[in-house]
Each structure stands twice: as structure tokens, then as C-alpha cells.
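User: Please take a close look at one part of this model. I would like a connected account of a single helix and what surrounds that helix.

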Amino acid sequence: MSIDSGYLFLASMDVTPDKEDTFNEVYESEHIPFLEKVPGVLSVARFTTEDLTLSIGGELRSIKVEGQPKHTAAYEIESPEVLVSDAWGKAVEMGRWSSEVRPHTTRRRHILLKRTHP
């Protein structure tokens, strides 16, 4: 994902373990394709949270972010208005997402980031 627009929307969540396969299958085969068709959505990428070790101040530090959901989707969007458009509202309800996946998600977080550089 090369970020060229001014906004990044992050949707993070956990899913109950017994629905993990359904979650991944529906996200990849339905949810992302529907949202990619929304005007103003430029790209979508999915990620899973991992613990990390990095160098800060000349020492290695291990970091585990408490409470961070396992799954995150990053949506590169043209503007915040994309998220309140009729097309977005329809797309997030299409397919099996609203009936077979969303009810089994927890710790949902939605974050809008505005690009500040360059």
C-alpha cells in the first residue's frame, strides 16, 4: 500500500475464535471488494497485530500493546466524507458481513488519520 492521499481510515477488531475462518473468508471475498468499489476508496490492506522489538535510546525494547485488537484493515480514502456517503453505508451492509461476521466481532476500533507529511 503506497499512501498518496490525505486520509487513512483504520478499522480494528477481534473475532471469536470459532468464527475466525468465516471472518477471513468474508473479509477477503466480499467485504473488501464491496468497499473498494465505493467512490473515494483508493486502496485497502489488511494486517494482524504482532508484538515487536525495536531500538530506542540505544537499547532494545519489547513492546506488547495491551488491548489492541488482532485484525486491522487500512483504507486509504480521499476524504472523511467517504465514510458517511450512501455508497459506504450500503457497502458495509452487503453480503454476509452484517449477519455472519459483525455479530461475532469485539473490541472494535475505528480511527481516522489525516496525513501531515509530506
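Analyst: The bend at a residue is the angle between two fitted axes, one for the seven residues ending there and one for the seven starting there. The model is predicted. With that definition, helix α1 has a kink of about 50 degrees, centred on Tyr27.

Now the helix as a whole. α1 covers residues 20-36, which is 17 residues. Its first and last C-alpha atoms are 22 Å apart. The expected span is 24 Å at 1.5 Å a residue, and the helix comes close to that.

Next, its buried face. Buried means under 20% relative accessible area. In α1 this holds for Glu20, Phe23, Val26, Tyr27, Glu30, His31, Ile32 and Leu35. Tyr27 is thus listed as buried and also marks the centre of the kink. The buried residues of α1 pack against strands β1, β2, β5 and β6 (105-114). They also pack against α2 (86-91) and α3 (97-101).

Those strands form the sheet under discussion. It is open, has 4 strands and runs in the order β2-β5-β1-β6 with antiparallel pairing. β2 and β6 are the edge strands, each pairing on one side only. From one strand to the next, the twist averages 15 degrees. α1 packs on this sheet and touches β1, β2, β5 and β6. The direction of α1 makes about 165 degrees with that of β2.

Consider β5, one of the strands α1 touches. All 7 of its 7 residues, 71-77, are buried, so the strand is largely enclosed by the rest of the structure. His71, Ala73, Tyr75 and Ile77 point one way from β5. Thr72, Ala74 and Glu76 point the other way. Residues of both sets are buried.

β5 has a partner strand in β1 and another in β2. Strands of a sheet pair through backbone hydrogen bonds. β1 (residues 7-15) pairs with β5 in the antiparallel sense over 7 bridges. Within that pairing, Leu10 has Ala74 as its bridge partner. β2 (residues 41-48) is also antiparallel to β5, again over 7 bridges. Here Val41 is bridged to Ile77, and Ser43 to Glu76.

To sum up: α1 is kinked at Tyr27, has buried residues that pack against strands and helices, and lies on an antiparallel sheet.

Technical notes: Residues are numbered from 1 along each chain as its sequence is written. This is a predicted model: local features need pLDDT of at least 70, side-chain atom pairs count only at pLDDT 80 or more; totals for chains, interfaces and linings use all residues. Side-chain values use heavy atoms; hydrogens and water are left out. Buried means under 20% relative accessible area, exposed over 50%, partly exposed in between (1.4 Å probe, protein chains only). Helices (H or I, at least four residues) and strands (E, at least two) are DSSP runs, numbered from the N terminus. Two strands pair if DSSP finds at least two bridges between them. The expected span of a helix is 1.5 Å times one less than its number of residues. Contact means heavy atoms within 4.5 Å. Axes are lines fitted to C-alpha atoms, for helices over the stretch in contact, and angles run from 0 to 180 degrees between N-to-C directions.
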